[in-house]
Amino acid sequence: MPTSCAASSLTSAPYRAGWIHYTNVAPILDPLVLPPTVTALTGVPTQMNAALLEGRVDIANISVAEFIRNADRLAALPDFSVSVLGQVYSVNLFHTCPLPELQRVALTAQSATSVALLEVLLRGWGLSPELVRDEGTAQELLARGYDGVLRIGDSALREWYEVVGPLGENASMTRLPHRDGGITVTDLSEEWYRLTGQPFVFAVWAYRKDAPPPPELLRAMRDARREGLGSLGEISQRHAAKLKLPRRVVQHYLWNFRYHLEEPDRRGLQRFAELLRPDHAELEWGPEITP
Ligand SMILES: C=C(O[C@@H]1C=C(C(=O)O)C=C[C@H]1O)C(=O)O
C-alpha cells in the first residue's frame, strides 16, 4: 500500500494517469491504490492514446502501435505490458467467408494496435480488402454487409464466446472450435504467433519523456499487480459476473496474459515495430526504478 507523500509533491500539480480499463488490465488496476499525488481517468485505447499524445495525461497504458509511432517523444515502463503468447481471445476478426475472399472489413474505432496488427497480417497474407472504421457488434456489422469485423476488448471476448460457447466444464480453452453458425473467429495474436513464434505486445505503460512517473506510482503499480495476480480467482469471479461469462473462461483469459514485459515480449515488440514502421525511432524504456 503506497504511503509516501512528500511535502514538496503536495504543493505541485498532480501527476495524471490515463487507464484503458478493459478486463485484461483488472489484475493491475483493480487492486491499485493511487498515491495522493496522482489522479486518473479511464477510457478506451484510442481515447487514452490521444490523451497522452495531447498532454492531457502524463502516463497511460497505450496501444503499442502509438508507442512505436511516437517513439521520439515517449518512453515506457521497463516491466509492464499487456502481452500474450498465442491466443488472446479478445482481439478477433469475425468473418463469414474464407480470409482470401474478404472484400470489406469493419474496424473498431477503439483500437490502434489491433488495426495495425491486422494490416501487418493482411500484408503477409497478400490480401487487401477494403478497411472501414465502423462501430457495432460483430453480428450487427456482419448483418450490415461486411464480410469481416475486427473487435477488441471485453465485447470481443463476449462475442467470441457467443460463437464458440457454451463450453463444457472440462473443455480446453486452447483447443476450441473457432467456427460456428457460419462465423469464423480468427484470433490475431494466434496468427502473429504462427507467423513469428513470438509473443505479441498489445499495450505498454508509456509516458512522455518530459514527464516521468514518480517512484510512488511505480511502487503502487507493482504492489497492485502482485496482489492482483495472487487473487485471480476473486478478480475473475467479479468480472465474470459483469461480463456474463463463466468464471473459468475469464480466469483462463486473465492468467493467459504476460504482464511483465520480459525479454521475449520485447523481442516480439521489436519485430512488430520493424514490420509496422521500419524507420521508427529507437524504443526507449524507462530506467529500472527500484523505489
Ligand atoms: C488484448 C487487448 O489489448 C488492447 C488492445 C489495444 C489496441 O488494439 O489498440 C490497446 C490496448 C490493449 O490493452 C484487448 O483489449 O483485447
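Where does Pro166 lie? In this predicted model, Pro166 sits in the loop that runs between α7 (153-164) and β9 (179-180). Take a look at the peptide bond leading into Pro166 from Gly165: this bond is cis, with omega near -5 degrees.

Another loop has its own backbone detail. Between β4 (74-84) and β5 (91-95) you'll find Tyr89. Tyr89 isn't a glycine, yet it has a positive phi of about 80 degrees.

Now on to the ligand. There are 16 residues around the ligand, and the closest are Ser63, Ser90, Ser111, Thr113 and Ser114. Sorted by class, this shell holds nine nonpolar and seven polar residues, with no charged ones.

Here are some polar contacts to look for, each made to an oxygen atom of the ligand:

| Residue | Polar atom in the protein | Distance to a ligand oxygen |
|---|---|---|
| Ser63 | side chain | 2.7 Å |
| Ala112 | backbone | 2.9 Å |
| Gly153 | backbone | 3.0 Å |

So how much of the ligand's accessible area does the protein cover? On its own the ligand has 390 Å² of accessible area, and the protein covers 100% of this. The space that the ligand takes up is the largest cavity.

Which elements give two or more residues to the shell around the ligand? They are the helix α5 (113-125) and the strand β11 (200-208). You can also look at the shell by domain: at least three of its residues come from domain 1 (2-83 + 200-240 + 258-276), and at least three come from domain 2 (91-196).

To find your way around on screen, you could begin at Ser63, whose side chain has a polar atom 2.7 Å from a ligand oxygen. From there, go on to Ala112 and its polar backbone atom, 2.9 Å from an oxygen of the ligand.

How values were computed
Residues are numbered from 1 along each chain as its sequence is written. This is a predicted model: local features need pLDDT of at least 70, side-chain atom pairs count only at pLDDT 80 or more; totals for chains, interfaces and linings use all residues. Side-chain values use heavy atoms; hydrogens and water are left out. A residue is near a molecule or strand if one of its heavy atoms lies within 4 Å of it. A polar contact is a pair of N or O atoms within 3.5 Å; within protein, one must be able to donate a hydrogen and the other to accept it, and residues adjacent in sequence count only if both atoms are side-chain atoms. Accessible areas come from the Shrake-Rupley method with a 1.4 Å probe; for residues, only the protein chains shown count as cover. On a 1 Å grid over the protein atoms alone, a cavity is a set of points where a 1.4 Å probe fits but cannot get out, and a pocket is an open set with protein on both sides within 12 Å along at least five of seven lines; lining residues have an atom within 4 Å of a point. A molecule sits in a cavity or pocket if more than half of its atoms lie within 2 Å of its grid points. Helices (H or I, at least four residues) and strands (E, at least two) are DSSP runs, numbered from the N terminus. Ala, Val, Leu, Ile, Met, Phe, Trp, Tyr, Cys and Pro count as nonpolar, Asp, Glu, Lys and Arg as charged, and the others, Gly among them, as polar. Domain bounds come from an automatic or database domain assignment.
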